[in-house]
Amino acid sequence: MEQELRGGGAVRAQSTLCFSGALVDGPRIQQLLLHCAAALESNDVTLAQQAMWVLNNIASAQGDPNQRLTSSLLRGLVARACRTCGSPRADSMGPPPALGSQRAMSVTELADYVDLTPWHRFGFTASNGAILRAVAGRDTVHVVDLGVTRCMQWPTLIDALSKRPGGPPALRITVPSVRPAGPPLLGVPDEEIGLRLANFAKSKGVHLEFNVVNKSTATSSPSPTKLQTLCQELACVLSDQSALRLRDGEALVVNCQSWLRHVAPGSRDGFVDAVRALDPCLVTVTDEDADLDSPSLATRIAGCFNFHWILFDALDTSAPRDSPRRLEHEAAVGQKIESVVGADGTERSESGARLAERMRRKGFAGAGFGQDEVAEVRHLLSEHATGWGVKREEDMLVLTWKGHAAVFTTAWAPN
């Protein structure tokens with residue numbers, strides 16, 4: 001295959017065969033992607049350009065899931081080639097940027113985005129169930145919310161707390177002003193979100209105090225990457241217990257939704273240590289169940305191809321191709337892929353199994369999920385396409401699409 005790609009005429013012959021449909025399948029596309037990744041890692045610009053030429057004739061933002069996935073991967077490879085190899089020709093080779101990216105949504109649009117698939121609601125539902133069990137009988141509950149969906153999880157929890165026998169607890173929610181820069185983007189400030197939540201809670205008879213912790217002016221390291229900057233700012237937030245306004249007697253919950261993959265791999269033990277130092281009664285972690293933090297570009301490309309097809313495939317059953325929410329989902333996946341492929345990406349996910357090993361090593365024990373939480377998740381999935389499922393792996397719940405692991409959610413208590 002490598003010899004075939006080194007000859008321009010051979011490359012064009014391969015491309016013609018791809019157009020016939022005979023070779024446009026997952027294994028063949030993955031093979032081309034891996035050859036391109038290997039060429040970039042060895043600084044073989046000519047071979048990389050030849051592989052991109054073939055991939056560009058396969059990729060289509062309007063095609064089947066594999067073609068749409070290839071389009072996103074190719075954009076990432078082209079961007080990396082331009083940065084690392086200084087190749088001016090590569091810049092004009094890739095597909096155009098995905099539609100729907102970098103646009104700030106309204107609250108209603110964000111709710112529709114979250115509801116399109118169970119990708120986010122799965123974690124909301126399971127985590128909320130674990131939180132309700134952990135804070136049963138407590139008079140004051142404080143949630144430190146490290147999530148990317150801007151408090152979309154909490155109306156359901158507030159409603160459940162309002163129905164608690166004996167009356168609801170006082171609820172406090174604290175969010176950091178620093179957050180990952182990726183989608184979904186919301187064009188509403190945190191303070192307005194807090195006001196809306198407080199009004200909703202009041203209508204349910206729940207007293208809610210909402211607090212935004214602004215980032216510290218800590219000194220950054222010279223020329224930090226985006227991941228390093230986020231880690232530094234988040235560490236400042238978690239270490240400043242006066243800013244978090246922790247109080248004696250409250251049930252403290254730290255909720256991490258799609259957040260851990262934005263923490264640099266080398267800083268994750270420190271992040272877990274900082275959370276453990278807060279002495280929470282429960283920590284919930286939900287994230288994508290994929291190992292995409294290898295130092296090898298080829299390994300990350302293979303991981304992306306084997307994982308990110310899930311949402312492209314699922315979206316075919318969820319909304320028409322011109323749906324704004326679907327376009328935003330696909331653009332978000334594209335940005336994740338470009339970040340994983342990029343030399344200085346801001347997302348590096350790790351599997352639930354590796355996260356579980358890290359949490360146990362750092363002094364946490366799995367709190368698990370009961371039958372009530374599983375039943376709630378199954379009810380949620382019944383409202384979506386039949387390909388979605390849930391499985392239990394030790395103390396984790398895992399969202400699946402056609403049997404493939406997509407998102408894990410876990411709950412942890414300090415030993």
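In this talk I will go through two residues with an unusual backbone angle and then one pocket.

Please keep in mind that this is a predicted model, in which local features need pLDDT of at least 70 and side-chain atom pairs count only at pLDDT 80 or more, while totals for chains, interfaces and linings use all residues. Residues are numbered from 1 along each chain as its sequence is written, and side-chain values use heavy atoms, with hydrogens and water left out.

Let me begin with Cys151, which is not a glycine and yet has a positive phi of about 70 degrees. Cys151 sits in the loop between β1 (140–147) and α8 (154–162), where helices (H or I, at least four residues) and strands (E, at least two) are DSSP runs numbered from the N terminus. Cys151 is buried, at a relative accessible area of 9%; buried means under 20% relative accessible area, exposed over 50%, and partly exposed in between, with a 1.4 Å probe and protein chains only.

Glu394, also a residue other than glycine, has a positive phi near 55 degrees. Glu394 lies in the loop between β7 (388–393) and β8 (396–401), and with 64% relative accessibility Glu394 is exposed.

Turning to the pocket, the second largest one has a volume of about 410 Å³, a pocket being an open set of points on a 1 Å grid over the protein atoms alone, where a 1.4 Å probe fits, with protein on both sides within 12 Å along at least five of seven lines. The volume is the space filled by probe spheres set on the points, which are joined across faces, edges and corners. Of its 19 lining residues, those closest to the centre are Thr125, Asn128, Gly129, Thr156 and Glu376, where lining means having an atom within 4 Å of a point.
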